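Hi everyone, and thanks for having me. Please bring up the structure on your screens, and we'll walk through it together.

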Amino acid sequence: MRRAAPTGRCRRNAVLAGGLAGALALAGALTGDPAPVRRARTDPGALGLLRGAADAARRVPYEGRRFLTTRGGGRAATSRVVVSHTPGAGIRYRSGTTGEGYRPESAAGDTTGFTPATLALLTRNYAVVRAADASICGRPARVVEARRADGSPAGRFWIDRDTGLMLHRELIDAAGRPVITTGFTEISFTASPVEPSPLGRPSRFPGASAGSPVETTGARAAAGAWGEKLDGAGLAGLRGSGWPIPKDLPGRLTLHEARREHGGGTLHLSYSDGLAAVSVFVQRGGLDERGMAGWQRTVRRGRTVYRRESLRRWAVSGGNGYVYTVVTDAPQSTATTVALNMPRDSAPFWTRLSRGARRLTSAANPFD
C-alpha cells in the first residue's frame, strides 16, 4: 500500500520527518558493490518536474524557514535555518547555531540537491514516477517518487504546483522509514536584497596533520563555492601524480564533481547515486590520532576509522600519505563504509611500477 503523502501544516510535518537533499537508504548495499539495478521505466513528466525544481531554485524569489532532520540509531537530530533567496544575488541564511551566512547564486540549487549530473545518476539507479498530488505548507504540490527495482520508494519529493519550487523531500530506507527529510516549515514568495557576507573562518579538518585549511562546516564547503572545479584533464593529471580519486564507491556512489582548494592542498570529491550525497575531503598528510579525542574508534580489516554522528555523519581514515574526511547526511554506516574503502595506496601496484619505470627511463635519458 502506498504511504500517504503528508498533509496539514508544515511545522507539524517537520517534527515528524527527517533530512536533507543528500541521503538515502544505502542499508545493505554498503557491505559491498551490489549488482547493477535493472533499469526501470522513468516517467518523462516526473523527471521534468525535478528538472524544473532545480531551475526554480535559482529563479524564484522566496523567504522562509527550512529544516533538516536526520535519523539513525534510534535518534534524530534537527537543524533549522531562516533563508532568503533573491535571483541573481544568492541565498542569505540565519541560524541560531551557525550565525549568518551567504551562498552564491551558483549554490541556489542545493535546495533541491539536483544537478544534470545527479539527475542522470538518479535515472540510472531508480525509476522516477509521479505519485498522487498532495498539500504541503498549506500549498498544493505535485509529488514525485524515486523507486527501487522492487517498486519500493527510495525518495519522495513535494514540488509547489504554482512556482515549481521543491518544498519538501524525504529519503527513505528499505523498511519505508524516512532517514533524511528536509523542507520548508514556512515560505512566502518574496525576498529582500541579499548582501554577501563571508563564510566562517577556515580551519583544518579533524585528524589532519598537514594540508591547507578548509571551511569548518561541511555543508558550506559542499555548497559549491569551494575551490576550483576540476575537469577530466585535471582529474587525470592528479591521478597520474598519485592523488587517490576513486571513480566509484560502494552503494553505487559515483564521482560527479571534484574541486581543488585554492593552493592545492585539499580535494573535495562529491559522490552520489542520484539520491544520497557523500562528500570526501582528501588532504596530504598523516592521520594525527591525538586530534581525534571524543571520536569513536573502529578497526576493520586492519584499518582504523574514527567516526562521529550528529546532524551529519563524519568518518575519518588515513592511508599512504593522505587523510580522508567523509561527511554525509546518510546513515553512519555510509560514512564509515566509504572511509574504510578509500584507497590505502596512492596508486595501484602496476601504476606505481609503470611510474617507476618512467622515472628510470627519464634518468637514463637526460633529453627526455
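Let's start with a question: with which side chain does the side chain of His268 make a polar contact? Have a look while I say that what you see is a predicted model.

The partner is the side chain of Ser279, at 3.0 Å. To place the two, His268 lies in strand β15, and Ser279 is in strand β16. Are they buried or exposed? The cut-off for buried is under 20% relative accessible area. His268 has 2%, so His268 is buried. Ser279 has 10% relative accessibility and therefore counts as buried too. While you are at His268, find Val282 as well: it sits 14 residues away along the chain, and the C-alpha atoms of the two are separated by 6.6 Å.

Now let's follow Val282 to its bridge partner. That partner is Tyr324 in strand β20. Strand β16, residues 277–284, and β20 run antiparallel and are joined by seven bridges. On to β19, residues 313–319: this strand also pairs with β20 in the antiparallel sense, over seven bridges. Gly319 stands opposite Tyr322 of β20. What do β19 and β20 form together? They form a hairpin with two residues between the strands, and Asn320 in the turn has a positive phi of about 50°.

Let's stay with β20 for a moment. Here is a general point that helps when you look at it: in a regular strand, side chains alternate between the two faces of the sheet. In β20, residues 322–328, seven of the seven residues are buried. On one side you can find Tyr322, Tyr324, Val326 and Thr328, and on the other Val323, Thr325 and Val327, so to speak two covered faces.

Next, the cores. As a general tendency in soluble globular proteins, nonpolar side chains are buried together. The largest nonpolar core here has 26 residues, and Leu269 and Val280 have the most contacts inside it. Which elements each supply at least two residues of this core? They are α5 (232–240), β14, β15, β16, β20 and α6 (332–341). Of these, α6 gives the most, with four residues.

Try clicking on Leu269. Setting aside its neighbours within four places in sequence, Leu269 is in contact with Pro244, Ile245, Leu255, Glu257, Ala258, Val278, Ser279, Val280 and Val282. You have met some of those names already: Ser279 is the polar partner of His268, and Val282 is the bridge partner of Tyr324.

There is also a second, separate core of 23 residues, which includes Leu49, Leu119, Phe157 and Leu311. Two of those names take us to helices. Leu49 is among the buried residues of α2, and Leu119 is among those of α3.

So, helix α2, residues 44–59. How far apart are its end C-alpha atoms? They are 22 Å apart, and at 1.5 Å a residue, the 16 residues should span 22 Å, so the two values agree. At the N-terminal end, Asp43 acts as a cap: one of its side-chain oxygens lies 2.9 Å from the backbone nitrogen of Gly45. The buried residues of α2 are Ala46, Leu47, Leu49, Leu50, Ala53, Ala54, Ala56 and Ala57. They pack against β2, α3, β5, β6, β7 and β8.

In helix α3, the buried residues are Thr118, Leu119, Leu121, Leu122, Thr123 and Asn125. What covers them includes α2, β5, β6, β14 and β15.

Last stop: aromatic rings. A pair of aromatic rings is described by the distance of the centres and the angle of the planes. How many aromatic pairs does the count come to? It comes to four. One of them is Tyr62 with Phe184: their centres are 5.5 Å apart and their planes are at 85°, so this pair is edge-to-face. Tyr62 is in strand β1 and Phe184 in strand β9, 122 residues apart, and the pair links these distant parts of the chain. Both residues are buried.

Then look at Trp295 and Trp314, with ring centres 6.4 Å apart and planes at 90°, so they are edge-to-face as well. Trp295 is in the loop between β16 and β17, while Trp314 is in strand β19, 19 residues apart. Trp295 counts as buried at 13% relative accessibility, and Trp314 is buried at 10%.

That's my tour, so thank you for listening!

How values were computed. Residues are numbered from 1 along each chain as its sequence is written. This is a predicted model: local features need pLDDT of at least 70, side-chain atom pairs count only at pLDDT 80 or more; totals for chains, interfaces and linings use all residues. Side-chain values use heavy atoms; hydrogens and water are left out. The expected span of a helix is 1.5 Å times one less than its number of residues. Buried means under 20% relative accessible area, exposed over 50%, partly exposed in between (1.4 Å probe, protein chains only). Contact means heavy atoms within 4.5 Å. A polar contact is a pair of N or O atoms within 3.5 Å; within protein, one must be able to donate a hydrogen and the other to accept it, and residues adjacent in sequence count only if both atoms are side-chain atoms. Two strands pair if DSSP finds at least two bridges between them. A nonpolar core is a set of buried Ala, Val, Leu, Ile, Met, Phe, Trp, Tyr and Cys residues joined through side-chain atoms within 4.5 Å. Rings of Phe, Tyr and Trp (its six-membered ring) pair if their centres lie within 6.5 Å; planes under 30 degrees apart count as stacked, over 60 as edge-to-face and the rest as tilted.
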